[in-house]
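Biologist: Before I trust the labels on a model, I want to hear the reasoning behind them. Can we go through them one at a time?

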Amino acid sequence: MSDLLQIDFGQREQSPVIGIDLGTTNSLAAFLDLTGPVVIPGEDGERLVPSVVYRSPEGEIVVGNAARRMLIDDPSRTVYSVKRLMGRGVADIADERKLFPFRIAPESDAVIRLDLGDRTFTPPQISAFILIQLKKNAEAYLHQAVTQAVITVPAYFNDAQRQATKDAGRIAGLEVLRLVNEPTAASLAYGLDKRSSGIVAVYDLGGGTFDISILKLHEGIFEVLATNGDTHLGGDDIDNRLLRIALEDVATEWGIDPSNDGSLVQTLRRAVIDAKERLSFAPRAAIDLAWQARKYQREITRDQFEALIRDIVDRTLGPCRNCIEDAGVTPEQIDEVVLVGGSTRIPLVRQAVETLFRARPHTDLNPDEVVALGAAVQAGILTGAVDDKLLLDVTPLSLGIEMMGGVVSKLIHRNSTIPASATEVFTTAVDGQKNVLIHVLQGERELVKDCRSLARFDLKDIDPLPAGAPRIEVRFLIDANGILSVTARDQRTAKEQSIEVKPSYGLTDNQVEAMIQESFAHAAEDLRERQVREARLEADQILAAVEKARANPAWDEMTATEQALIERALNQLLTVYHSEDHDLIRAHIELLNQTTARLAEVMMDAAVRTALKGKTL
Amino acid sequence: MSAPDYFEFFGLEPKLALDLADLEQRFYRLSRELHPDRVQRLPPASRQRSLDQSALLNDAYRTLRDPVARTEYALKRLGLAADPNHAPPELLEEVFAWNEALEVRDPAQLEAGRSRFAALRDQADAELHSLFGPFDDGDPTAPARIRAVLNRRRYILNLLQTAAHV
């Protein structure tokens, strides 16, 4: 970094860390400025970026509102709601496939691959396209390169789903400093800590996931007491109910099977969502479809709508009750309820929450934005910009290992504050045995077949000893992101024991690495463009710093020759600024850096002198 | 690396009668100091240390704030680990009666069994708490008596669990 820039930014080598809400329906980025967290608008000026990805026949990737329009024009090259597939295998998603037009490639198994034209992509890769767009938006808005982010995930996401989200960040070229649970992030944004202490419930019904978290606030500490939820319950399910009715109507009225026409289905889906959204404010609304000179219309009253979705809303209540019980509180002890997620605009949802918690919920903040704003606050906590708040979150699911007879022995219970760890000692069953296989699962049930397989860890190269003699100490650690890591050590020799990890779902490290490479190989253009953009951002910064320095008294201490040299380097940088050659731009940045080195020194000395003077006074 | 002592970690004497409000204050204070969020900008080695210390803090807090987990931990420190699945003789009569009820599937008898087990659990909890004082005062017989109560309690909990599923 240039010397001048170091002075300019108070010697902090800090690039902005953005907060990202990577949602099922919409995504958005936010960052913390001096006034608080603010939303970063997209290229089109819209605050929400629809989580829709389109890949053109030429291989160009389009994300957001423009991609959403392509759902209708070119549905076979467009993907939405990909969050539903994160960290899941083909066997998991039979239900989703009935309702979503996911084009699953035949080679999918533990990792799903989606067809997008002539190529296939994993869900983390598709999510990465969304993240790249958000990163671009942020860089354009902040005039700085952005390489680090906090990304939110549903609180009830399991290890594989979290890992997949982190992988998406890596593929997008973002270092994910922290995964934060969405309801907890929302509580940070709400400034609930203004009350010095109390119990708060956050009810988060989004496009595809439902979370409930109960927190205890104490002087800036946000301690999650319990969390619960359903990672496959949300506004999508409500849309699908309405869509099914509309599809049946159209089939009867028009005498065709609309479900085979992707474009028609998506147009109808749009119409259904419009009607749903209007029903939150009006007692009745019409599903309106105009399609190739044909029309379909159906009016729905709010009563009909509520009867249609009541069981979906009711499905959120079980997790709420369990969460209250796990938190060890009564509904009366809950001081405040906060609503998050677009689906909480539905009056029936608000009623259900009010009845259960016996409190009128908070709705002051936009439920679509509050999670991203909270992620930006968490980013501020990590950079040190916010030092009065601290989040203590929990793991949503119990972690266990497989025992004899297909039974699960729990090592870390759900709702344990993270980071959390557990240590177990393993031994061998046969003389000379060299490997021990540990099967790790997540879930609340007693039997292996009812829990979610996380991974198999193979303890390798155990010294050949009589059965039962080796003592291998295995440490399971869930970090602050809710992600498991496992280390092992031979108790006799105190040597680190080698472990091979075979994730049950999701990508191995090598696969992610290959995808990062692949994304470069396929996007050499993209990479060059990015480098040029980053070089220009750097140029902007140094140009601004020089401009500022010229007003500094130190400028007059420069000799005429020095001033002329700086002017020359500056003008040359301006000449090459619009070139497409990032190396050229960088070379001129470097030259300007060198010519301003003494200027920076003089400014720094002056700054130090002033600081010292301040002290002696 | 031998596992650090939970009581020491919190700066507490290894006593069973614990002031939970005080424990919570200590937990919050240590969290502010050790949580990984506070050290994000430090080098990887410091971050790993913070992760380990923070996990230890949370594990210790979880153990110490729960009376049964705390007691089990205190006994383990003294080398009195749990005695798994050993049926306490004084409960054998209860178990016979329960098994008979299971055989005839008489709802009234089953319900009576359930409430009997729940009463036995409450009784064990009360006994456990009454032994905190003697333990903390250094009564040499206390650990073994507590061990017996905990073994019984664990056995009763298992019975309660199976009874709930019938």
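Biologist: Why does Ala29(A) count as buried?

Modeller: First, a caution: this is a predicted model. Now the count. Ala29(A) has 30 C-beta neighbours inside 10 Å. The cut-off for buried is 20 or more. Therefore Ala29(A) counts as buried.

Biologist: Where does Ala29(A) lie, and what does Ala29(A) touch?

Modeller: Ala29(A) is part of strand S2, residues 26-33 of chain A. Leaving out residues up to four places away in sequence, its contacts include Ile18(A), Ile20(A), Ile40(A), Leu134(A) and Ala372(A). Leu131(A) is 102 residues away along the chain, yet its C-alpha atom is 9.1 Å from that of Ala29(A).

Biologist: Which residue other than glycine has a positive phi of about 50°?

Modeller: Ser81(A). It sits in the loop between strand S7 (78-80) and helix H3 (94-99) of chain A.

Biologist: What makes Ser81(A) buried?

Modeller: The same kind of count. Ser81(A) has 22 C-beta neighbours inside 10 Å. Buried needs 20 or more, so Ser81(A) counts as buried.

Biologist: And how do you know that Asn415(A) counts as buried?

Modeller: Asn415(A) has 20 C-beta neighbours inside 10 Å. The cut-off reads 20 or more, so Asn415(A) counts as buried. Its phi is positive too, near 65°, and it is not a glycine. Asn415(A) belongs to the loop between S20 and S21 of chain A.

Biologist: Which peptide bond is called cis?

Modeller: The one from Ile418(A) to Pro419(A), where omega is near 0°. Pro419(A) is in the loop between strand S20 (407-412) and S21 of chain A.

Biologist: On to helix packing. Why are H7(A) and H8(A) called oblique?

Modeller: Helix H7 (residues 235-254) and helix H8 (residues 262-279) of chain A pack at about 125°, with axes 9 Å apart. Roughly perpendicular covers 65 to 115 degrees, and roughly antiparallel means over 145. The angle of about 125° fits neither class, so H7(A) is oblique to H8(A). The crossing is right-handed.

Biologist: Which residues make that contact?

Modeller: From H7(A), among them, Ile238(A), Leu242(A), Ala246(A) and Val250(A). From H8(A), residues including Leu268(A), Val272(A) and Ala275(A). By class, the contact has ten nonpolar, no polar and three charged residues.

Biologist: What makes H9(A) and H11(A) oblique to each other?

Modeller: Helix H9 (residues 302-314) and helix H11 (residues 347-357) of chain A pack at about 45°, with axes 10 Å apart. Roughly parallel means under 35 degrees, and roughly perpendicular starts at 65. The angle of about 45° falls in between, so H9(A) and H11(A) are oblique. Their crossing is right-handed. H9(A) gives Glu306(A), Ile309(A), Arg310(A) and Val313(A), while H11(A) gives Leu348(A), Val349(A) and Ala352(A). That makes five nonpolar, no polar and two charged residues.

Biologist: Now whole chains. How many helices and strands are in chain A?

Modeller: Chain A has 18 helices and 27 strands.

Biologist: Why is chain A called as compact as a globular protein of that length?

Modeller: Its radius of gyration is 28 Å. The globule rule gives 25 Å for 617 residues. The two values are close, so chain A is as compact as a globular protein of that length. Its C-alpha atoms fill a box of roughly 85 × 80 × 55 Å along the principal axes. Buried residues make up 44% of the chain.

Biologist: What radius of gyration does chain B have?

Modeller: Chain B has 21 Å, whereas a compact globule of 166 residues would be near 15 Å. Along the principal axes its C-alpha trace spans about 65 × 35 × 30 Å. Its secondary structure is seven helices and zero strands. Of its residues, 24% count as buried.

Biologist: How many residues of chain A are in contact with chain B?

Modeller: 19 residues of chain A are in contact with 14 residues of chain B. On the chain A side, helix H12 (370-383), strand S18 (390-392) and strand S21 (420-426) each give two or more residues. That side has twelve nonpolar, six polar and one charged residues.

How values were computed. Residues are numbered from 1 along each chain as its sequence is written. Chains are lettered from A and ligands numbered from 1 in the order in which they are written. This is a predicted model: local features need pLDDT of at least 70, side-chain atom pairs count only at pLDDT 80 or more; totals for chains, interfaces and linings use all residues. Helices (H or I, at least four residues) and strands (E, at least two) are DSSP runs, numbered from the N terminus. The radius of gyration is taken over C-alpha atoms; the globule rule is 2.2 Å times the number of residues to the power 0.38. A residue is buried if 20 or more other C-beta atoms lie within 10 Å of its own, exposed if 12 or fewer, and partly exposed in between; C-beta atoms are placed from the backbone. Two residues are in contact if their C-beta atoms, placed from the backbone, lie within 7 Å. Ala, Val, Leu, Ile, Met, Phe, Trp, Tyr, Cys and Pro count as nonpolar, Asp, Glu, Lys and Arg as charged, and the others, Gly among them, as polar. Axes are lines fitted to C-alpha atoms, for helices over the stretch in contact, and angles run from 0 to 180 degrees between N-to-C directions. A crossing is left-handed if the near helix is turned anticlockwise from the far one by less than a right angle, and right-handed if clockwise.
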